[in-house]
Every structure is written in C-alpha cells, then in structure tokens.
Amino acid sequence: MYFYCETCKKKYPLNSHSYRCTCGGMFRLHKDQSDELTREISLGEFQTPLLPIRTGKLDFLLKLENLLPTGSFKDRGACTLINELHHLGIKKIALDSAGNAGASIAAYAGAAGMDCTVYVPDDISDAKVAQIEDYGAKIVKVPNGRMNACAVVKENLGDAYYASHVYNPLFFEGMKSMAKEMVEQLGGAVPDYVFMPVGNGTMLIGLFQGFMDIGRLPHFVAVQSKKCAPLYEAYHGLPPEPKRTTIASAIRIEKPKRLKDMVEIIRASSGDVVAVEDADILQARKFLGAHGIYVEMTSAAALAGAEKYFQAGKPDNYKVVLPMTGNGLKR
C-alpha cells in the first residue's frame, strides 16, 4: 500500500510526514487485493442497526452510527487510520477537528498508546473538549473558526504525524465498511438513496469508495444548512453566499478541501445536493427524539433533507438510508 498524488501520481509511503503532494495535489490510497489493513486496536465497534422509521407518508431507514464507541460515524475511519499508524510504529499524532473526528481519533490513539494533540476552534463546546481530553489527548484552542484550526495545526506539526480525517485516505478506507454493512442488511441490495449531512465529505467519499468496491452505487444526496452550503453552491453552479453559523455545527465547513471530488461523486451517482433551513433541522431532530432516536443536531439534517427532497412523495419500494452521524449527548 502507498499514497499517490491524484494530480501528478507521485508515490508516498504511508508513514510519510507529507500530508499532500509537493505539487499541491491531494493523496489517494493504492491498495492491492492482497493488501490487508491491520486490526489490532478495537474499542468494540460493531455493525450498527438499520432502523425503519416513518414520517408522515414517507418511510426511511436510519443507520444508527450514533451508537458507535465514541458516539459518531467517524469511529470507522479512526479505527482504520490509527490501527495502520500503530502498525507502522507512529507514536505521535496531531489533527484538527470540530469535535467528532477529534474524539474518535483521540480515543483510538489512547487505546494505541499514542501521543495525540487536537487543534479545535475556540467556540467548540465544553462537552466536546471534555470528551477529547478524557481520552488523554491534548487540546489546542484556535481562534477564528474551524478553517483556521486546520491552518494552525499544519504550521505546528513538528515531529507529529498529521492524522487528518480530511487529508489522509486511510480514514476514507475505514468509512467503506458502512457501505458493506448496508448491503448485507438489505439482503444484498444497494440502497436506492443515501442522504447524509456533508461538511468535509468524509462519509460521502468513503461510502462512494465502498460502493464502488461492491460494484453498484446508490444515489447520494448531500445535505447542507443554507447558512453554510459550499457544496450546494458548487454543484448547482451558484455564486457563493456569506457563510454563517448554523446549528449543524459539525458540517460548518466553509472551504472543504475535497470539494471537487464531492461534486464528481454526486454527479457519478446521479445524486443531488439539497440545502435546508436550520428550523427544518431542529424540527427533524425533535421528531427523531420523540421517536426514541437521540442524535446531535447535524444528524437530523439528513432527515430534513430527505423530507424536502421527497416532499411530493416517493415510491414505496425505494430503500432510502439516512446515516445518523452523531449521538445527541454530543453538544
């Protein structure tokens, strides 16, 4: 296995402290069929349930990623990333996060005995900071938003490996397992649609790669808040709007690094991107809570987007999966 530049195809070893190519291109992962990823570190991850739910005349399937060990879907990517870094002998890592990725990577790094530092925006909630710190990671708060946290960590890596859930393809490799689970749970069928909240696109890219391995794609529909919707604007060819604070804080990413990849994935799947009001996200979260599903605000964006997309109705035989990305205890 090795990384290679998506632009110039230059090769890099997995333990390289470079996080992107010298030409500026982003990394992709080359893996032969005989290559196997290491799985020495576990926190008890499992196949998450696929739960039917009906809202009005619409029926959906909730993929309960909120039940994973640290309370978010990012445990899938963190498990694969940290296991491989541990196998390579890497002892010190740093990353930037708005909360969920930081908690996931810090947890698995703690289990692997790694030194972990997480750079976070200074408006992150105290609860998310507490969770990351409880796993033994160090926190560095950075002013001026999530994108600045990304810039600052890269300037201060020193001898630490940049364990980024955005830059490192090993993280996407871990996300592929969700696609395999969906197909197994649907008796070998691929969902007709998968709706998901999208910020940096780790789930979207990982699911795309996973379903490509299977050989069939669902229609991917990315959901963003109207207050911060760069993918929606790019996909629909709209002029950029000012980016504002949204209750869906986990997808408040003003300039996603893999925006071009995400647009291409949506088009390849004959999918779409929808933008929803924060009020619709709040209403969807209340509905989920009233039906026993306790998720963070960003998770509810998937339901809000699906309801908007199918507001004129949907065929009963469509299998529509909504990953619930994070636990409601994450505030």
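**Figure 1. The surroundings of T70 in the predicted model.** With a relative accessibility of 5%, T70 counts as buried. T70 belongs to the loop that lies between strand β5 (58-63) and helix α1 (74-87). The side chain of T70 is joined to the side chain of D75 by a polar contact of 2.5 Å. When neighbours within four places in sequence are left aside, the residues in contact with T70 are D75, A103, S104, A107, Q131, Y135 and K330. D75 therefore appears twice in this view, as a contact of the buried T70 and as its partner in the polar contact.

**Figure 2. The largest nonpolar core and the contacts of F220.** This core comprises 65 residues, and those with the most contacts inside it are I82, L85, I93, L207 and F220. Helix α5 (residues 169-185) makes the greatest contribution to the core, namely eight residues. Around F220, not counting residues up to four places away in sequence, the residues touched are V194, M196, L204, L207, F208, F211, I265, I266, S269, G271 and D272. A second core, separate from this one, holds 29 residues, among them I53, I293, F310 and M324.

**Figure 3. An aromatic cluster that includes Y309 and F310.** The count of aromatic pairs in the model comes to 13. In the pair formed by Y309 and F310, the ring centres are 5.0 Å apart and the planes stand at 85°, so the arrangement is edge-to-face. An angle over 60 degrees is what places a pair in that class. The two residues can also be described by their accessibility: Y309 counts as partly exposed at 30%, whereas F310 counts as buried at 5%. Y309 and F310 form one aromatic cluster together with Y193, F195 and Y318.

**Figure 4. Helix α10 and its buried residues.** Helix α10 covers residues 297-309, 13 residues in number. From its first C-alpha to its last, α10 reaches 19 Å, which is close to the 18 Å expected at 1.5 Å a residue. The helix is mostly covered, since 10 of its 13 residues are buried. The buried residues of α10 are M297, T298, S299, A300, A301, A302, L303, A304, G305 and A306.

**Figure 5. I247 in a loop between two helices.** The loop that holds I247 lies between α7 (230-236) and α8 (259-268). I247 has a relative accessible area of 35% and is partly exposed. Not counting residues up to four places away in sequence, I247 touches D278, I281, L282 and M297. One of these, M297, is among the buried residues of helix α10. F171 stands 76 residues from I247 along the chain, and the C-alpha atoms of the two are separated by 26 Å.

**Figure 6. The open sheet of β2, β1 and β3.** Three strands make up this sheet, in the order β2-β1-β3, and their pairing is antiparallel. Strands β2 (11-12) and β3 (27-30) stand at the edges, and each has a single partner strand, so one side of each has no neighbour in the sheet. Strand β1 (residues 2-5) is joined to β2 by two bridges, and the two strands run antiparallel. The bridge partner of F3 in β2 is Y12. The loop between β1 and β2 contains K9. The phi angle of K9 is near 70°, a positive value in a residue other than glycine. K9 counts as exposed, with a relative accessibility of 51%.

**Figure 7. Strand β10 and its parallel partner β11.** Strand β10 (residues 193-197) is mostly covered, and five of its five residues are buried. Y193, F195 and P197 point one way from the strand, while V194 and M196 point the other way. V194 and M196 are touched by F220, while Y193 and F195 belong to the aromatic cluster with Y309, F310 and Y318. Five bridges pair β10 with strand β11 (residues 219-225) in the parallel sense. In β11, V221 is the bridge partner of F195.

**Figure 8. N144, an exposed loop residue with positive phi.** N144 is located in the loop between β8 (138-142) and α4 (146-155). Its phi angle is near 70°, a positive value in a residue other than glycine. At 68% relative accessibility, N144 counts as exposed.

Technical notes
Residues numbered from 1 in each chain as written. Predicted model: local features only at pLDDT ≥ 70, side-chain atom pairs only at ≥ 80, totals over all residues. Heavy atoms only, no water. Helix = DSSP H or I, 4+ residues; strand = E, 2+ residues; numbered from the N terminus. Buried < 20%, exposed > 50% of the residue type's maximum accessible area, 1.4 Å probe, protein only. Polar contact = N/O pair within 3.5 Å; in protein donor to acceptor, adjacent residues only side chain to side chain. Contact = heavy atoms within 4.5 Å. Core = buried A, V, L, I, M, F, W, Y, C linked by side-chain atoms within 4.5 Å. Phe/Tyr/Trp six-rings, centres within 6.5 Å; stacked < 30°, edge-to-face > 60°. Expected span 1.5 Å × (residues − 1). Pairing = 2+ DSSP bridges.
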